[in-house]
Amino acid sequence: MFPMPAEFIGYAAASLTTLSFFPQAVKTLRSGDTRSISLGMYALFTSGVLLWSLYGLMVADGPVLIANLITLIPAAVVLQRKIAAKHPSS
């Protein structure tokens, strides 16, 4: 059996957790429905992802940096849609 490098495990885990946010973002974009999404949860989550990205950059941790930068995209989209739905303009 070949030993797996820790970095490979990190990239695999990062890929799975990152990909898990895209279905919600796609569903939100297609339906426009954000009623069942918690604003508090997404605000905290998106802030945490941003901070993890900064951490990954500061300590030069590739899996942490890349995964969180990619996760930031769908998380920010969902958060923006939730905020827009909560505070409609007009």
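The legends below accompany close-up views of a predicted model of a single chain.

**Figure 1. Overall architecture of the chain, built from four helices and zero strands.**
From the N terminus, the order of elements is α-α-α-α. Helix H1 covers residues 6–19, helix H2 covers 22–31, helix H3 covers 39–58, and helix H4 covers 62–86. Computed along no external frame but along the principal axes, the C-alpha atoms occupy a box of roughly 60 × 30 × 15 Å. The radius of gyration of the chain is 15 Å, whereas a compact globule of 90 residues would have a value near 12 Å. Of the contacts with a separation of 6 or more, 70% are accounted for by residues 24 or more positions apart.**Figure 2. Surface and burial across the chain, with 26% of its 90 residues counted as buried.**
The chain exposes about 6400 Å². Carbon and sulfur atoms supply 71% of this exposed area.

**Figure 3. The largest nonpolar core, a set of six residues.**
Its members are Phe21, Ala25, Ile37, Tyr42, Val78 and Leu79. In soluble globular proteins, nonpolar side chains tend to be buried together. Ile37 touches Tyr42 and Val78, both members of this core. Beyond these two, Ile37 also touches Gln24, Thr28 and Lys82, when residues up to four places away in sequence are not counted.

**Figure 4. Thr34 in the loop between helices H2 and H3.**
Thr34 counts as buried because its relative accessibility is 5%, and the cut-off for burial is under 20%. With neighbours within four places in sequence set aside, Thr34 is in contact with Thr28, Arg81, Lys82 and Ala85. Thr28 and Lys82 are also touched by Ile37.

**Figure 5. The salt bridge between Arg35 and Asp33.**
A search of the whole structure finds one salt bridge. The side chains of Arg35 and Asp33 meet at 2.9 Å, N to O. Side chains of opposite charge can pair when their charged atoms come close. Arg35 is exposed, with a relative accessible area of 71%, while Asp33 is partly exposed, with a relative accessible area of 33%.

**Figure 6. A nonpolar surface patch that includes Leu57 and Val59.**
The patch has an area of about 870 Å² and is made by Leu50, Leu51, Trp52, Leu54, Tyr55, Leu57, Met58 and Val59. Leu57 belongs to helix H3, which spans residues 39–58. Leu57 counts as exposed because its relative accessibility is 55%, and exposure is set at over 50%. Val59 lies in the loop between H3 and H4. Val59 is partly exposed, with a relative accessible area of 43%.

**Figure 7. Ala60 and its positive phi angle.**
Ala60 is placed in the loop between H3 and helix H4. Phi of Ala60 is near 55 degrees, a positive value in a residue other than glycine. Ala60 counts as exposed, so labelled because its relative accessibility is 70%.

**Figure 8. Thr17 of helix H1 and Thr71, separated by 54 residues in sequence.**
The C-alpha atoms of Thr17 and Thr71 are 8.1 Å apart in space. Thr17 is found in helix H1. At a relative accessibility of 47%, Thr17 counts as partly exposed.

**Figure 9. Two residue pairs with C-alpha separations of 22 Å and 33 Å.**
Val59 and Leu16 are 43 residues apart in sequence, and their C-alpha atoms are 22 Å apart in space. Val59 is the residue from the H3–H4 loop that also takes part in the nonpolar patch. In the other pair, Ile9 and Thr34 are 25 residues apart in sequence and 33 Å apart in space, C-alpha to C-alpha. Ile9 lies in helix H1 and counts as partly exposed at 44% relative accessibility. Thr34, by contrast, counts as buried at 5% relative accessibility.

Technical notes
Residues are numbered from 1 along each chain as its sequence is written. This is a predicted model: local features need pLDDT of at least 70, side-chain atom pairs count only at pLDDT 80 or more; totals for chains, interfaces and linings use all residues. Side-chain values use heavy atoms; hydrogens and water are left out. Patches are made of residues with over 30% relative accessible area and no salt bridge: like charges are joined within 9 Å, nonpolar side chains (Val, Leu, Ile, Met, Phe, Trp, Tyr) within 5 Å. Accessible areas come from the Shrake-Rupley method with a 1.4 Å probe; for residues, only the protein chains shown count as cover. A salt bridge is a side-chain nitrogen of Lys or Arg within 4 Å of a carboxyl oxygen of Asp or Glu. Helices (H or I, at least four residues) and strands (E, at least two) are DSSP runs, numbered from the N terminus. Buried means under 20% relative accessible area, exposed over 50%, partly exposed in between (1.4 Å probe, protein chains only). The radius of gyration is taken over C-alpha atoms; the globule rule is 2.2 Å times the number of residues to the power 0.38. Contact means heavy atoms within 4.5 Å. A nonpolar core is a set of buried Ala, Val, Leu, Ile, Met, Phe, Trp, Tyr and Cys residues joined through side-chain atoms within 4.5 Å.
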